[in-house]
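Here's a walk through one protein model, written for someone meeting it for the first time. Have a look at it, then read on.

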Amino acid sequence: MTAIKHALQRDIFTPNDERLLSIVNVCKAGKKKRNCFLCATVTTERPVQVNVVKVKKSDKGDFYKRQTAWALRDLAVVDAKDAVKESPEFDLHFDKVYKWVASSTVEKNTFISCIWKLNQRYLRKKIDFINVSSQLLEESVPSGENQSVAGGDEEAVDEYQELNAREEQDIEIMMEGCEYAIANAEAFAEKLSRELQVLDGANIQSIMASEKQVNILMKLLDEALKEVDQIELKLSSYEEMLQSVKEQMDQISESNHLIHLSNTNNVKLLSEIEFLVNHMDLAKGHIKALQEGDLTSSRGIEACTNAADALLQCMNVALRPGHDMLHAVKQQQQRFSDLREQFARRLASHLNSVFVQQGHDQSSTLAQHSAELTLPNHHPFHRDLLRYAKLMEWLKNTDYGKYEGLTKNYMDYLSRLYEREIKDFFEVAKIKMTGTTREGKKFATLPRKESAVKQETESLHGSSGKLTGSTSSLNKLSVQSSGNRRSQSSSLLDMGNMSASDLDVADRTKFDKIFEQVLSELEPLCLAEQDFISKFFKLQQHQSTSGTTTNEVEEVDGLALSRSYTSGVPQTVSSEKDMIRQMMTKIFRCIEPELNNLIALGDKIDSFNSLYMLVKMSHHVWTAQNVDPASFLSTTLGNVLVTVKRNFDKCISNQMKQMDEVKISKKSKVGILTFVAEFEEFAALAESIFKNAERRGDLDKAYIKLIRAVFDSVEKVANESQKTPRDVVMMENFHHIFATLSRLKISCLEAEKKEAKQKYTDHLQSYVIYSLGQPLEKLNHFFEGVEARVAQGIREEEVSYQLAFNKQELRKVIKEYPGKEVKKGLDNLYKKVDKHLCEEENLLQVVWHSMQDEFIRQYKHFEGLIARCYPGSGITMEFTIQDILDYCSSIAQSH
């Protein structure tokens, strides 16, 4: 145990300036035996601190480490378990009870005795020693307590002492003189014993020789002992005095600790108070601005904005734990809430008044725009309201209910304002389209002789802007004003749709300009209002970078419309974009029906106006979708574009229906059919309108449908024609179609152009062959018989030997067709062809030239048969090819 004590002193306590006084080997009671040491130590520095230290052997080596230390002043009870019976168990009561089992009872008793001594000397504190033998405590005090404790300390310290340098030197000299000491320890010990006896004898002799000096020395020693007793008494009194001083110093130390703790708490309290004052104190100027600030001037709005931001910062300050329990904080928060509620109510009331006032002021300016096709400018209104944008953002963050109320009121007031403006605007547009004034008076550009037209036009305009009435009067007006250019088209005009040729180009150009102006006025109005809404109500127009936008194409009625879908976009951004669309839809709820009414009116005026509207509307939809595919303007124009496309399809369908229901006169020749001429006018008009247009594909599809309907209807009319031969109807109309397609160069109709040319050529040839027939009928019958004989196997040169086909019979037949008769027959044929053909297409000379060629071909055929079947007979026709050419030329010139 001494070696362990020395090792612990050296390795653990000496570096910490401590002295190890007692040690006991223990383990915890009731657990697996894991031995450790409890050590009683004192510090070498004053004031002395007494500790009980738990030392444990390290698991990773043979060295010891300090595990736990308790101050002896914290020890309340020492329980030895049994004062009579020896037991190794004992308890130490610190902050909790520690139960120990010592390796031996002696070590336990020694350790408890040391604890008792240390308590008596350094603490003088009442530690309860229970179940401890009184002999164990008393035997440690044979005389004065202080001497006992001190002697115990010194004995404990002096159990092992190292040799000093002098002693080491003397031992070395002695061992050098006795070299055999190492080999013979007993001899060396005997020598040392003899020398010690010699020295003791010398000492005794010296003492006995100097008895007088001894007496003097003894007397001096007695005096010294008396002085020592006096000194010890003084030291005891000093120690008592120092003990009281120590207690006072301990109290002072504790007081200093309390003062330091109080100062720390005061600093923390000051910090908390400064935090609350700095973050929850609203300046008087801000309070006054919130309560009485002028919301009409720019300076007042700025002051209110700054005050509102400051109030929001005070209300949103992140309070530290426990702040919300302070009464002052609760009062301040309630005061802020009252200020916020008061200012929010005042702001909402003021903005509502601004909405109403601006609506009235704007209404007063409508009169100056009533006669012009322009919409009032809302920029000054927006500019004035944008001064409140930051306050609206504040209201949105602090009182969403009032923010929603303002939003609803804004939509209500502005929807009524815009409804009045837009309806007046569309009313002017309708007036300019129809040429009537508000009082029903007509402009000079329209005829005045039909009063029914006035009533019909006025019926198209109602207070709600809806179109009413039928199209019959407008159709009559169109027919009367354009004249009766083509009598055959009257049946088509009765169907309720006007052909493209029945309205002046100026009227259509005028409609196109009006429609374009309507769209051009609506677009900036919607875009400006949407931009204002997003800025004023602090809503997101554009998507955040974290999200991706996917454009998909949706086809409605054959019309490709772009639709926008947002992915990875935060929910708030998406909802705010939806809110913008909802507000725009509520504010401009009248735009779509008004546009549809205007489109319906334009379609009633002239069905071909749907071409203009399709091109213009498509261009504006394309432009709006490039800016924002999901915007209100893009969606609304897209919906209207569907309506326009349906009207366009309806226009095409009506034309096809007219073709299917066309009737022809039984008493007059057909000529160029009306729908063929109308297709030419439609195609020419469409090509001029759709030049470089985005919706060219729709026109190409319509072309395909129309041209097929034209082809079918031409065939149908040709089959039903009684006055004009079928081939003439087909030839003339397909020639006209081919000429139209060649002139317009419509790329999607190249196949139809070739088909039209083929049909024209085929029916021209068929008509020529049919009409020309057999001008030399008997001669033709004669040669048919000759060809029949040859076909039966008779050689050509032997045909002349046949009785019915000899040379005399041939000469008889040839004499029946002199040149005069041939010319007369050709003249009758020319007159017949002239009756069949119409003047518009001017195909008479083409047909006549084809007949001339066919007649010459028959003539050459006859000459060839004469040369082969009647060789050397010298038989010839009574007229030549040149005579035929002269006959045909003179007949054509005479007519």
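## Two helices side by side: H14 and H18

Let's start with a pair of helices: H14 (residues 400–434) and H18 (residues 505–536) have axes that come within 10 Å and cross at roughly 170°. Angles over 145 degrees count as roughly antiparallel, so H14 and H18 are roughly antiparallel to each other. Keep in mind that this is a predicted model.

Who touches whom here? On the H14 side you'll find Tyr 410, Tyr 418, Phe 425, Phe 426, Ala 429, Lys 432 and Met 433. Their partners in H18 include Lys 510, Phe 511, Ile 514, Phe 515, Val 518, Leu 522 and Phe 532. Sorted by class, the contact of H14 with H18 has 14 nonpolar, one polar and four charged residues.

## Another pair: H30 and H31

Further along, helix H30 (residues 844–869) packs against helix H31 (residues 881–894) at an angle of about 160°, and their axes are 10 Å apart. With that angle, H30 and H31 are therefore roughly antiparallel to each other. The crossing of H30 past H31 is right-handed.

H30 brings Gln 845, Trp 848, Gln 852, Phe 855, Ile 856, Tyr 859 and Lys 860 to the contact, and H31 answers with Ile 881, Ile 884, Leu 885, Cys 888, Ile 891 and Ala 892. By class, the contact of H30 with H31 splits into 10 nonpolar residues, two polar ones and one charged one.

## The whole chain

Time to zoom out. The protein chain has 31 helices and 10 strands. Of its 895 residues, 42% are buried.

Now for the contacts: of those in the protein chain with a separation of 6 or more, 68% join residues 24 or more positions apart. On the outside, the chain exposes about 49500 Å², with carbon and sulfur atoms supplying 51% of that.

## Two residues up close

Ala 307 sits in helix H9 (residues 298–315). Is Ala 307 buried or exposed? Its relative accessible area is 0%, so Ala 307 is buried. Leaving aside residues up to four places away in sequence, Ala 307 touches His 286, Ala 289 and Leu 290. Lys 284 is 23 residues from Ala 307 along the chain, and the C-alpha atoms of the two are separated by 9.8 Å.

Lys 823, in helix H29 (residues 819–836), counts as partly exposed, at 36% relative accessibility. Apart from residues up to four places away in sequence, Lys 823 touches Tyr 887, Ser 890 and Ile 891. Ile 891 also takes part in the contact of H30 with H31. So does Cys 888, whose C-alpha atom is 7.9 Å from that of Lys 823, although the two residues are 65 apart along the chain.

## Backbone details in the loops

A few loops are worth a visit too. Where is Pro 47? Pro 47 is in the loop between strand E2 (36–43) and strand E3 (50–57), and the peptide bond leading to Pro 47 from Arg 46 is cis, with omega near 0°.

Two other loop residues, neither of them glycine, have a positive phi: Lys 81, near 75°, and Asn 131, near 60°. Lys 81 lies between strand E5 (77–79) and strand E6 (89–93) and is partly exposed at 32% relative accessibility. Asn 131 is in the loop between strand E8 (128–130) and helix H3 (134–138); with a relative accessible area of 35%, Asn 131 is partly exposed.

Note on methods
Residues are numbered from 1 along each chain as its sequence is written. This is a predicted model: local features need pLDDT of at least 70, side-chain atom pairs count only at pLDDT 80 or more; totals for chains, interfaces and linings use all residues. Side-chain values use heavy atoms; hydrogens and water are left out. Axes are lines fitted to C-alpha atoms, for helices over the stretch in contact, and angles run from 0 to 180 degrees between N-to-C directions. Helices (H or I, at least four residues) and strands (E, at least two) are DSSP runs, numbered from the N terminus. Angles under 35 degrees count as roughly parallel, over 145 as roughly antiparallel, 65 to 115 as roughly perpendicular and the rest as oblique. Contact means heavy atoms within 4.5 Å. Ala, Val, Leu, Ile, Met, Phe, Trp, Tyr, Cys and Pro count as nonpolar, Asp, Glu, Lys and Arg as charged, and the others, Gly among them, as polar. A crossing is left-handed if the near helix is turned anticlockwise from the far one by less than a right angle, and right-handed if clockwise. Buried means under 20% relative accessible area, exposed over 50%, partly exposed in between (1.4 Å probe, protein chains only). Accessible areas come from the Shrake-Rupley method with a 1.4 Å probe; for residues, only the protein chains shown count as cover.
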